Amino acid sequence: MQNLDPTLTPSVLEEKIEMKKYIDRFGLPCSETLVCASKCSLKTNLPRLGKIYIFNLHVCFWPQVMKSNAEVWKFEDIAGITSQGNVLKIVLIRHEAITVSGLENSEKFIATATQHWNAYCLKNNNQITSIVSSSPTPATQLSAPSTPHKASFDGFLLSTEFQTGNEATLECSVKDFYEKFIRNEAKETYKQILTEKDIFDIAVSDFEENEKWGYLRNEEFSVPLKGIPFGPQVAKTVTQTVYFFDGDVLYLGSTNQTPEVPYGDTFRLEYKISVTPKGEKQCVFKEDFAVYFMKKTVLRSTIESQGVSNAKKDIDTMIRIYGEKISGKTVANGGDKQFMADDAPEPKFFKQSKMKTVHESTLPFTHLDFFKYFLSDKSKETQKKMLEEKGESDVEIEDWEKGDNSQVRTITTITSPNLNKQITTRSQVQQFYQLKKETLIVGSVMNYLDFSDYFTVETRMTVQSVNKTESTICFQGNIIMKKKGDEKEKDLVLKLEKACRKDVQKYIELFEEIKKDEEATQKGLVIRVSNQMTKLTFKEQMMVCHNVLLLLIFIALMGIFVKTH
């Protein structure tokens with residue numbers, strides 16, 4: 001009788017028989033050995049009950065039902081095996097993370113599985129494990145967190161083709177960008193950026209770890225719909241933002257949908273951003289975008305064309321804002337509405353920085369309304385009209401240009417320097433403004449060009465918003481006498497105070513006129529459309545309604561194509 005191989009004891013024979021079953025079941029190499037196994041609940045897309053096996057170089061799952069759906073993962077396709085409490089996480093390089101829970105004797109199984117994985121990494125000098133940590137670094141810490149697994153945009157951004165938005169070099173490292181704009185502690189800065197874009201009712205959640213996409217948060221806010229004569233004046237926007245790190249590169253993605261407007265449920269905007277290191281103190285910010293259609297719509301071409309135009313403008317705006325926040329200086333020009341940091345110092349503009357308060361009052365509109373209607377380049381005709389009504393002529397108002405920590409311009413007129421208006425002279429007013437989140441500061445220095453040795457008037461005007469419909473206005477001034485003339489300094493101060501009072505009254509009157517004109521224009525359009533509709537047949541009325549709806553949707557789209565990240 002032939003002797004059995006002495007190494008084939010009953011327990012070893014049983015194990016070899018079991019291994020042959022596993023090799024046949026999972027299609028494993030004959031050299032594989034079993035490390036540990038346990039009943040469990042495995043979750044990829046849906047949770048499934050079954051049994052998980054950790055082999056020398058493979059992880060396998062045998063489902064309790066539908067045995068044909070067995071899973072096999074090679075170690076070389078795994079980025080990490082980690083644990084969170086009684087849950088085992090298997091992070092795949094090119095797919096989502098696998099969560100394994102409900103393990104028998106979970107503490108022992110998890111310890112065995114992770115120790116075996118760590119030994120494999122050491123033996124093979126596996127660099128992939130550096131991506132993974134045993135517990136995700138919280139997004140609230142000061143340094144940039146490592147991504148808890150090999151994250152990607154797969155399944156989050158659904159567009160297959162993205163258009164190039166813009167690219168710029170920022171004067172900060174990737175880590176600094178993350179800390180200043182992305183981490184949970186930077187949420188208030190992010191809200192401020194949205195506010196500067198006329199967005200309100202802002203609600204932003206914290207970033208939380210996501211198995212597929214790194215870290216995810218939800219956002220909601222309201223966007224004004226400008227230019228629509230009737231219907232809703234605001235639209236609620238729903239946004240999701242994700243971020244993850246891949247090595248030293250920060251990736252962000254966002255989806256933006258406005259379901260309450262007509263056809264708003266047919267599409268959404270998608271953005272993807274990369275922030276790449278450029279030396280030690282710089283990074284390259286690159287952003288692309290796409291309009292993704294979830295349903296068919298007859299307005300597809302209109303939505304796409306408006307989306308492309310406005311997305312590019314918004315990306316340019318975001319890059320400018322990031323640059324301003326990083327440098328602490330405004331890069332705006334042209335007199336458009338651009339906010340400066342609240343702590344930005346005033347430029348050295350006045351000879352005498354200490355000024356007397358000459359007039360204070362309340363305005364029935366905000367500092368932003370004041371800027372829009374009485375200071376911006378677009379309102380120069382209104383400004384010219386006010387000066388001419390005060391007796392000045394040959395008024396020339398330059399465009400605003402970037403100055404030292406402000407915007408600057410020059411105004412020249414023909415005016416009278418004395419109370420009796422017996423003589424006229426050319427006057428030159430040099431101005432600056434600083435527009436902040438709640439405050440507008442305007443400084444002016446007026447000199448008489450033909451009487452350079454007469455006197456100079458320096459004024460500072462501050463408009464401070466107190467709520468959404470009101471603001472306070474304060475005038476301060478100095479009269480700098482250069483030579484004794486027909487008027488005394490006290491009389492000139494009284495003249496300045498009187499002029500400030502008249503200006504405030506004029507601002508209020510003009511604002512009321514502008515609002516009445518806007519309301520009349522809106523009502524007139526509705527009345528004209530209504531009168532014409534009564535003269536049409538039913539079919540013609542339906543065609544008109546369709547065209548008007550298309551026009552209103554087109555106007556609305558101009559307001560809702562905004563991005564957040």
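**A friendly note on this predicted model**

1. Let's begin with the overall picture. The protein's secondary structure adds up to 9 helices and 23 strands. Please keep in mind that this is a predicted model. Of its 565 residues, 46% count as buried. The accessible surface of the protein comes to about 29900 Å², and carbon and sulfur atoms hold 51% of that.

2. How do contacts relate to sequence? Among contacts in the protein with a separation of 6 or more, 57% are between residues 24 or more positions apart.

3. Now find the open sheet of 7 strands, whose pairing is antiparallel and whose order is β4-β3-β2-β1-β7-β6-β5. Which strands stand at the edges? They are β4 (71-74) and β5 (78-84), and each has a single partner strand, so one side of each is left without a neighbour in the sheet. From one strand to the next, the twist averages 30 degrees.

4. Follow the edge strand β5 to its partner. Strand β6 (residues 87-92) runs antiparallel to β5, and 6 bridges join the two. Here you can see Q84 opposite V87 in β6.

5. Next, look for what covers these strands. Helix α2 (residues 106-124) lies across β1 (34-43), β2 (47-55), β5 and β6. Its direction makes an angle of about 115 degrees with β1.

6. One residue here deserves a visit: F75, in the loop between β4 and β5. Is F75 buried or exposed? Its relative accessible area is 1%, and since buried means under 20%, F75 is buried. Leaving aside neighbours within four places in sequence, F75 is in contact with nine residues you can look up, including F55, L57, H116, W117 and Y120. F55 is 20 residues from F75 in sequence, with 9.4 Å between their C-alpha atoms.

7. Aromatic rings are worth a tour too, with 36 aromatic pairs counted. One of them is F365 with F511, a tilted pair with 4.4 Å centre to centre and 35 degrees between the planes. F365 lies in the loop between β16 (356-363) and α6 (367-374), while F511 is in helix α8 (residues 489-533), so the pair ties together parts that are 146 residues apart in sequence. Both F365 and F511 are buried. Ring pairs also link these two with F370, Y373, F374 and Y507 into a cluster.

8. Finally, look at charges over rings. R25 places its charged end over the ring of W62, 4.1 Å from the ring centre. In another case, the charged end of K272 sits over the ring of F162, at 4.5 Å from its centre.

Conventions. Residues numbered from 1 in each chain as written. Predicted model: local features only at pLDDT ≥ 70, side-chain atom pairs only at ≥ 80, totals over all residues. Heavy atoms only, no water. Pairing = 2+ DSSP bridges. Helix = DSSP H or I, 4+ residues; strand = E, 2+ residues; numbered from the N terminus. Axes fitted to C-alpha atoms, helices over the stretch in contact; angles between N-to-C directions. Contact = heavy atoms within 4.5 Å. Buried < 20%, exposed > 50% of the residue type's maximum accessible area, 1.4 Å probe, protein only. Areas by Shrake-Rupley, 256 points an atom, 1.4 Å probe, with all protein chains shown as cover. Phe/Tyr/Trp six-rings, centres within 6.5 Å; stacked < 30°, edge-to-face > 60°. Lys NZ or Arg CZ within 6 Å of the ring centre and 35° of its normal.
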